[in-house]
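I set out to record a helix pair and a handful of single residues in this structure. The entries below follow the order in which I looked them up.

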Amino acid sequence: MKLLIASDIHGDIAAARAVVDEYRRSGADRLVLLGDLLYHGPRNDLPKDYAPKEVIALLNSVKDELLCVRGNCDTEVDQMVLEFPILADYALIEADGVRMFVTHGHKFNLDNLPPLKMGEVLVHGHTHVRAMVEFGNENLYVNPGSPSIPKENTHRGCVMFENGKFTFIDF
């Protein structure tokens with residue numbers, strides 16, 4: 001199974017287009033979004049291409065191909081305009097023999113681990129800093145960073161999961 005994983009779009013239409021275009025170009029089976037879809041949040045500057053209504057229309061156009069979890073900036077009001085579920089705190093995905101605990105990162109993260117078995121992968125966004133780090137009992141932590149507001153001099157982008165491996169994609 002091929003998954004494109006992105007987080008923290010924060011209402012930036014250019015970022016949302018980059019994610020959806022990469023998803024379509026790649027032929028991935030699913031687009032996994034790790035929350036913070038529409039609102040930029042009180043700690044972030046307004047993204048250059050902030051247009052949440054356009055992001056709503058774009059994401060609704062691929063609603064049947066999305067798997068989303070809730071970010072700390074996502075609300076019930078956002079769910080009212082989005083035609084796919086966004087309010088789950090986490091999801092478990094098993095693909096190519098890899099089991100992933102997928103979440104936004106504001107509740108479960110490296111400092112507050114979810115229950116993980118040996119070899120499972122923790123995938124979360126929230127920090128806007130891409131990362132891929134081994135930890136614990138043969139576990140892996142993967143953060144795709146942010147396509148809209150990257151931090152700590154990381155690139156705008158996302159991550160692809162294919163054939164049991166994660167690869168960063170720059171925009």
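These notes concern a predicted model, and they begin with two helices before turning to individual residues.

**Entry 1. The helix pair**

I looked up how helix α1 (residues 13–26) and helix α2 (residues 52–60) are placed relative to each other; their axes come within 9 Å and cross at roughly 15°. Angles under 35 degrees count as roughly parallel, so α1 is roughly parallel to α2. I noted the crossing of α1 past α2 as left-handed.

I then listed the residues in contact. On the α1 side they are Ile13, Ala16, Arg17 and Val20, and on the α2 side Glu54, Val55, Leu58 and Leu59. Sorted by class, this contact of α1 with α2 holds six nonpolar residues, two charged residues and no polar ones.

**Entry 2. Length and burial of α1**

I checked the span of α1. Its 14 residues should cover 20 Å at 1.5 Å a residue, and the C-alpha atoms at its ends are 20 Å apart, so the two values agree.

I recorded the buried residues of α1 as Ile13, Ala15, Ala16, Val19, Val20, Glu22, Tyr23 and Ser26. They pack against strands β1 (3–6), β2 (30–33), β9 (157–162) and β10 (165–170), as well as against α2.

**Entry 3. Burial of α2**

For α2, I found Val55, Ile56, Leu58, Leu59 and Asn60 buried. The elements covering these buried residues of α2 include α1, β2, β3 (66–68) and α3 (76–81).

**Entry 4. Met160**

I located Met160 in strand β9. Its relative accessibility is 7%, so Met160 counts as buried. Leaving aside residues up to four places away in sequence, I listed its contacts as Lys2, Leu3, Leu4, Ser26, Ala28, Lys165, Phe166, Thr167 and Ile169. I also looked up Met160 against Ile5: 155 residues separate them in sequence, while their C-alpha atoms are 6.1 Å apart.

**Entry 5. Leu116**

I placed Leu116 in the loop that joins β5 (98–103) and β6 (121–124). Its relative accessibility of 22% makes Leu116 partly exposed, because buried requires under 20% and exposed requires over 50%. Beyond residues up to four places away in sequence, Leu116 touches Phe101, Leu122, Phe135 and Asn139. From Leu116 to Pro47 I noted a C-alpha distance of 34 Å, with their positions 69 residues apart in sequence.

**Entry 6. The loop between β2 and α2**

I looked up two residues here. Pro42 lies in the loop between β2 and α2 and is exposed, at a relative accessible area of 73%. The C-alpha atoms of Pro42 and Cys73 are 8.9 Å apart, at a separation of 31 residues along the chain.

Asp36 is also placed in the loop between β2 and α2. I found Asp36 buried, at 2% relative accessibility. Although Asp36 is not a glycine, its phi is positive, at about 55°.

**Entry 7. Asn163**

Where does Asn163 lie? I found Asn163 in the loop between β9 and β10. Its phi is likewise positive, at about 55°, and Asn163 is not a glycine. Is Asn163 buried or exposed? At 64% relative accessibility, I entered Asn163 as exposed.

Methods: Residues numbered from 1 in each chain as written. Predicted model: local features only at pLDDT ≥ 70, side-chain atom pairs only at ≥ 80, totals over all residues. Heavy atoms only, no water. Axes fitted to C-alpha atoms, helices over the stretch in contact; angles between N-to-C directions. Helix = DSSP H or I, 4+ residues; strand = E, 2+ residues; numbered from the N terminus. Parallel < 35°, antiparallel > 145°, perpendicular 65-115°, else oblique. Left-handed = near helix turned anticlockwise from the far one by under 90°. Contact = heavy atoms within 4.5 Å. Nonpolar A, V, L, I, M, F, W, Y, C, P; charged D, E, K, R; others polar. Expected span 1.5 Å × (residues − 1). Buried < 20%, exposed > 50% of the residue type's maximum accessible area, 1.4 Å probe, protein only.
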